[in-house]
Amino acid sequence: MERLLKIGFRKIGSWSLIDNYLTLQTMDFAPHGNALYVFVADGIPMYVGKTTRGIQKRLREYVKPGLTQSTNIRNKGLLEKTLNAGKSIEIFFLPDDGLVQYGDFIFNVAAALEDSIIQVLAPPWNGGKKENEFIGVKKQNLVGQAIATAGVDVADSMLPLEIPSQASFELKLYKAYYQSGFFNVGVSHAKLFGNDGEKLTIFLGNSRVPVQGSINRTANKNGSPRLMGYTKTRDWLRENIGLNNYFTVRVLSPISINIVCCSHLLVS
């Protein structure tokens, strides 16, 4: 826990059971949209997560998880079980200012730190090192591993490395996608992406300067995500893909993707 306090984590609240109902006891919430958070049971980090939609809103999702929110449902059960065992659970918070540009390269502080903390501390509710396997594909975050190395400065660790992907799939640029700059993700890949309303970082082709989109899980009746790319993504798709042609979506994280032509690879 001392290692987390040294990099700026601070206590913002705790979990409790009131009449057998999971209750969020808040102390202090900073107005940051992006944040890392840790659940700590009797001084031991149990779970590390991140959010781009506000920490208080994210935490309240554990109180009343949706039917399809498997992570929230699982963690709610673990929180209740631990509290029923007589242990205290505190919530620690680290604000994240989002993407940092280092030369021509983009670095997501929250994503890298989350992976690194999980790798180093192996919180049991993240599955320890097994949590680095996402839908059967091993997560690789070389920048995050560099930060985890003792004595390495954050700026020095922002190496010009190729951004690794968790998975990829191809889509056809249908007329609706061509006109509006969004596209739907199939059910088989739906679990690769974040929650409804989360911001989405989109790298177009070989560009290292991202554009911003969002994840919409209410547009499709089955809950699969619609990735909203808006004007810049629409214009790029029109210019580089063309109507009824195919493109590849490389999943970099649950909240970031790289869109490329099917014959392209992201260059380092």
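A helix here is a DSSP run of type H or I with at least four residues, and helices are numbered from the N terminus. By that rule Glu-114 belongs to helix α4, which covers residues 109–121. The model is predicted. Its protein chain has eight helices and 16 strands. Of the chain's 268 residues, 47% count as buried. Among contacts in the chain with a separation of 6 or more, 63% are between residues 24 or more positions apart.

**Glu-114 in helix α4**

- Glu-114 has a relative accessible area of 10%. Buried means under 20%, so Glu-114 is buried.
- Leaving out residues up to four places away in sequence, Glu-114 touches Leu-36, Val-48, Gly-49 and Lys-50.
- Glu-114 and Tyr-37 are 77 residues apart in sequence, and their C-alpha atoms are 9.1 Å apart in space.

**Helix α3: length and faces**

- Helix α3 runs over residues 70–84, which is 15 residues. At 1.5 Å a residue this helix should span 21 Å, and because its end C-alpha atoms are 21 Å apart, the expected and modelled values agree.
- The buried residues in α3 include Asn-72, Asn-75, Leu-79, Thr-82 and Leu-83. Seen down the helix axis, the buried residues of α3 fall within an arc of 95 degrees, so they line one face.
- The face of α3 turned away from the buried side carries Ser-70, Lys-81 and Asn-84, which are exposed.
- Several elements cover the buried residues of α3, including the strands β1 (10–18), β2 (21–26), β3 (35–41), β4 (44–51) and β5 (89–95). Helix α2 (55–63) is also part of this cover.
- Gly-86 comes just after α3 and takes a positive phi of about 90 degrees.

**How α2 and α3 pack**

- Two packed helices are described by the angle between their axes and by the distance between the axes.
- The axes of α2 and α3 come within 8 Å and cross at roughly 70 degrees. Angles of 65 to 115 degrees count as roughly perpendicular, and α2 and α3 are therefore roughly perpendicular to each other.
- The crossing of α2 and α3 is right-handed. On the α2 side, the contact is made by Arg-58, Glu-61, Tyr-62 and Val-63. On the α3 side, the contact is made by Thr-71, Asn-72, Asn-75 and Lys-76.
- Asn-72 and Asn-75 are thus named twice: they are buried residues of α3, and they take part in the contact with α2.

**Helix α8: Thr-233 and Tyr-230**

- Helix α8 covers residues 230–240 and contains Thr-233. Tyr-230 also lies in α8.
- Thr-233 counts as buried because its relative accessibility is 0%.
- Not counting neighbours within four places in sequence, Thr-233 is in contact with Gly-181, Ile-202, Leu-204, Val-211 and Ile-259.
- Tyr-230 is partly exposed, with a relative accessible area of 41%. Its phi is near 65 degrees, a positive value in a residue other than glycine.

**Asn-20 in a loop**

- Asn-20 is in the loop between β1 and β2.
- Asn-20 is not a glycine, yet it has a positive phi of about 70 degrees.
- The relative accessibility of Asn-20 is 64%. Exposed means over 50%, so Asn-20 counts as exposed.

Methods: Residues are numbered from 1 along each chain as its sequence is written. This is a predicted model: local features need pLDDT of at least 70, side-chain atom pairs count only at pLDDT 80 or more; totals for chains, interfaces and linings use all residues. Side-chain values use heavy atoms; hydrogens and water are left out. Helices (H or I, at least four residues) and strands (E, at least two) are DSSP runs, numbered from the N terminus. The expected span of a helix is 1.5 Å times one less than its number of residues. Buried means under 20% relative accessible area, exposed over 50%, partly exposed in between (1.4 Å probe, protein chains only). The arc is that of the directions from the helix axis to the C-beta atoms. Contact means heavy atoms within 4.5 Å. Axes are lines fitted to C-alpha atoms, for helices over the stretch in contact, and angles run from 0 to 180 degrees between N-to-C directions. Angles under 35 degrees count as roughly parallel, over 145 as roughly antiparallel, 65 to 115 as roughly perpendicular and the rest as oblique. A crossing is left-handed if the near helix is turned anticlockwise from the far one by less than a right angle, and right-handed if clockwise.
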